[in-house]
Every structure is written in C-alpha cells, then in structure tokens.
Amino acid sequence: MFEPLLLLIAAAFLLAGFVKGVIGLGLPTVSMGLLAVTMQPSHALAIVIVPAIITNIWQTFVGPYLRDIIRRLWPLMVGTVIGIWLNADMLTGPYARYGTIALGVLLVIYAIIGLNKFTFHVARRNEGWVGGIVGVVTGLVSAATGVQVIPSMPFMQAIGMEKDELVQALGVFFTVATVALAFNLTASGLLTAATALPGTVALAAAFAGMFIGQAVRARMQPEAFRRWFLRAMILLGLYLVGSTFYHIHRA
C-alpha cells in the first residue's frame, strides 16, 4: 500500500471521526463515501470495519441503558445479521461494481431524511415484528454498501428513544452489524493481514478526529454543522452515482 493512499485514508478517517465527535454518528457513512471515490466498496469496507467496531464498542458502554436496548432492539439486530448473511456475495459477486451506485443513492436518501427531519412512530406493541423487518432490509443494504443507517436509524427514532439512549443504542446496533460484516469480509478473503496497516492508520485518525470533534462541539451549534454535513453527503452521493455510471458506460 503506497503512501498517497495511506494519506487519503488518514484524511478520510480524520474527517469521519470529526463528524462522529460533533454529531455522535457518521464514521462509517463518511469514510465509506470518501474511500469509494478511489476504490471499490468491498476494499473500503475492509479498511473501515476495525475502526468502526472499536469506536462503536466504546459508544456501546457509555450509558446506563444497555439492558433495555438489547431487550427492545434484539429483533432489529437479529434481522440485520440475517440480512447481511443473505446478501453476503454482493460485495464480491458479479454485481459488486454497482455497490458504489447503491452507496451513493443511500447517502442521498440518508441526507434528505436528515435535512427534512421526517418523523415516524411505531407503537410499542409493534416494535418486535417491525424491527425484524427493518433489520433484514438494513442487513441487505449493509452487505452491499457497508452502511447501516438506513432504515435502522429512522426506526430507532420512531420507537421513541431519547437522545442519550439513542446514542448508546446506535453503538450497540452498529457493533453487532459491523461484526457480522467482518465475518462476511473474512469469508470472502477481503479482511486479511494486508489491511492491518491501513486499518491502524484509519483507527488512529478516527480517534484523533473524534477528539477534535468533541472539542469543537463544545464551541459550536451541532445542528448547524449537521445541516452542512448532510448537504455535503448529497453532493458526494450524486458524484459517486454519476462517476460510476460514467465508468460503466465507457467500459
């Protein structure tokens, strides 16, 4: 792995960690989007997976809601694991090149939902079966793109989780999903010793970015930053879709 690519990885994860430090999420979404500009989503995910797991484990245990989160979200998590398993070949199969297009579309949808603050409500009695369905869809999408925010995050907001509980719930859920993805990558031969150096660089940059982001969060309005971040995600998503279609057409 040559030095310019390591610099790109460090820059991508520094920015992704900064975003996570300011608004509490976005590390896999931002890093996958940026890395997909220069590599296939499968290779990007192999770099993203370890920093994502470690930062999410840290987020999992920051808060007192772990038992309640597991009780309410286990259908969502089980469904996600099943969806990831069902779509395991998407990253390496004949349609792998379309993963970048799917990622770009997902970034745009994610940003539009965030900017418009769409609200849904799921009754407590329906959390289990709705969560299972949402989990399977999330797993299918995640196996193809490496991103787990759609439709899992709107669901967690729809069941009425409060701010602090939601942040911890995202850590628990993303930990389960990224570990399941790691098994997919290992089985596909993508998560190997060759990813150790870029993964280490990514992890160090992510924590540095999170530290800076948390410091900045104390001095700025996170909501204003969130709006600009989501607008940038729309532009990045459109670029990924357009550039991939262009290269497919030329091939």
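Me: How do you know that the span of helix H5 (residues 99-116) agrees with its 18 residues?

Reply: Bear in mind that this is a predicted model. The expected span is 1.5 Å times one less than the number of residues, so the 18 residues of H5 should cover 26 Å. The C-alpha atoms at the two ends of H5 are 26 Å apart, which agrees.

Me: Which residues of H5 are buried, and what comes just after the helix?

Reply: The buried ones include Gly-99, Ile-101, Leu-103, Leu-107, Tyr-110 and Gly-114. Buried means under 20% relative accessible area. Just past H5, Lys-117 takes a positive phi of about 50°.

Me: Why is Trp-74 called exposed?

Reply: A residue counts as exposed when its relative accessible area is over 50%. Trp-74 has 51%, so it is exposed. Trp-74 lies in helix H4, and its C-alpha is 33 Å from that of Leu-240, with the two positions 166 residues apart in sequence counting.

Me: What makes the nonpolar patch on the surface, and how much accessible area does it have?

Reply: Trp-74 belongs to it, along with Ile-70, Val-78, Ile-82, Trp-85, Leu-86 and Leu-140. Together they have about 730 Å² of accessible area. Helix H4 (residues 66-86) gives the largest share, six residues.

Me: How do you know that Arg-71 forms a salt bridge with Asp-68?

Reply: The cut-off is a side-chain nitrogen of Lys or Arg within 4 Å of a carboxyl oxygen of Asp or Glu. For Arg-71 and Asp-68 the closest N and O atoms are 2.3 Å apart, so the pair passes. Both residues lie in helix H4, three residues apart, about one turn of the helix. An α-helix has 3.6 residues a turn, so residues three or four places apart point the same way.

Me: Why is Asp-68 called partly exposed?

Reply: Partly exposed is the range between the buried cut-off of 20% and the exposed cut-off of 50%. Asp-68 has a relative accessible area of 25%, so that is where it falls.

Me: What makes Glu-127 part of a network?

Reply: Glu-127 forms a salt bridge with Arg-72, the closest N and O atoms being 2.6 Å apart. Glu-127 lies in helix H6 (residues 127-145) and Arg-72 in helix H4, so this pair ties together parts 55 residues apart in sequence. Arg-124 also forms a salt bridge with Glu-127, at 4.0 Å between the closest N and O atoms. That links Arg-72, Arg-124 and Glu-127 in a network of salt bridges. The count for the structure comes to three salt bridges.

Me: Why is Glu-127 called buried?

Reply: Its relative accessible area is 6%, and buried means under 20%, so Glu-127 qualifies. Arg-72 is buried too.

Me: How much space lies in the largest pocket, and what lines it?

Reply: About 1100 Å³ of space lies in the largest pocket. Of its 38 lining residues, Ile-23, Leu-25, Met-153, Leu-166 and Val-167 are the closest to its centre. Several helices each supply at least two lining residues, among them helix H1 (3-23), H5 and helix H10 (222-250). H8 gives the most, with six residues.

Me: What makes a cavity something other than a pocket, and how many cavities of 30 Å³ or more are there?

Reply: In a cavity the probe fits but cannot get out, whereas a pocket is open. A search of the whole structure finds one cavity of 30 Å³ or more. The largest cavity holds about 50 Å³ of space, and its lining includes Leu-25, Pro-28, Gln-148 and Phe-174.

Notes: Residues are numbered from 1 along each chain as its sequence is written. This is a predicted model: local features need pLDDT of at least 70, side-chain atom pairs count only at pLDDT 80 or more; totals for chains, interfaces and linings use all residues. Side-chain values use heavy atoms; hydrogens and water are left out. Patches are made of residues with over 30% relative accessible area and no salt bridge: like charges are joined within 9 Å, nonpolar side chains (Val, Leu, Ile, Met, Phe, Trp, Tyr) within 5 Å. Accessible areas come from the Shrake-Rupley method with a 1.4 Å probe; for residues, only the protein chains shown count as cover. Helices (H or I, at least four residues) and strands (E, at least two) are DSSP runs, numbered from the N terminus. Buried means under 20% relative accessible area, exposed over 50%, partly exposed in between (1.4 Å probe, protein chains only). On a 1 Å grid over the protein atoms alone, a cavity is a set of points where a 1.4 Å probe fits but cannot get out, and a pocket is an open set with protein on both sides within 12 Å along at least five of seven lines; lining residues have an atom within 4 Å of a point. Grid points are joined across faces, edges and corners, and a volume is the space filled by probe spheres set on the points.
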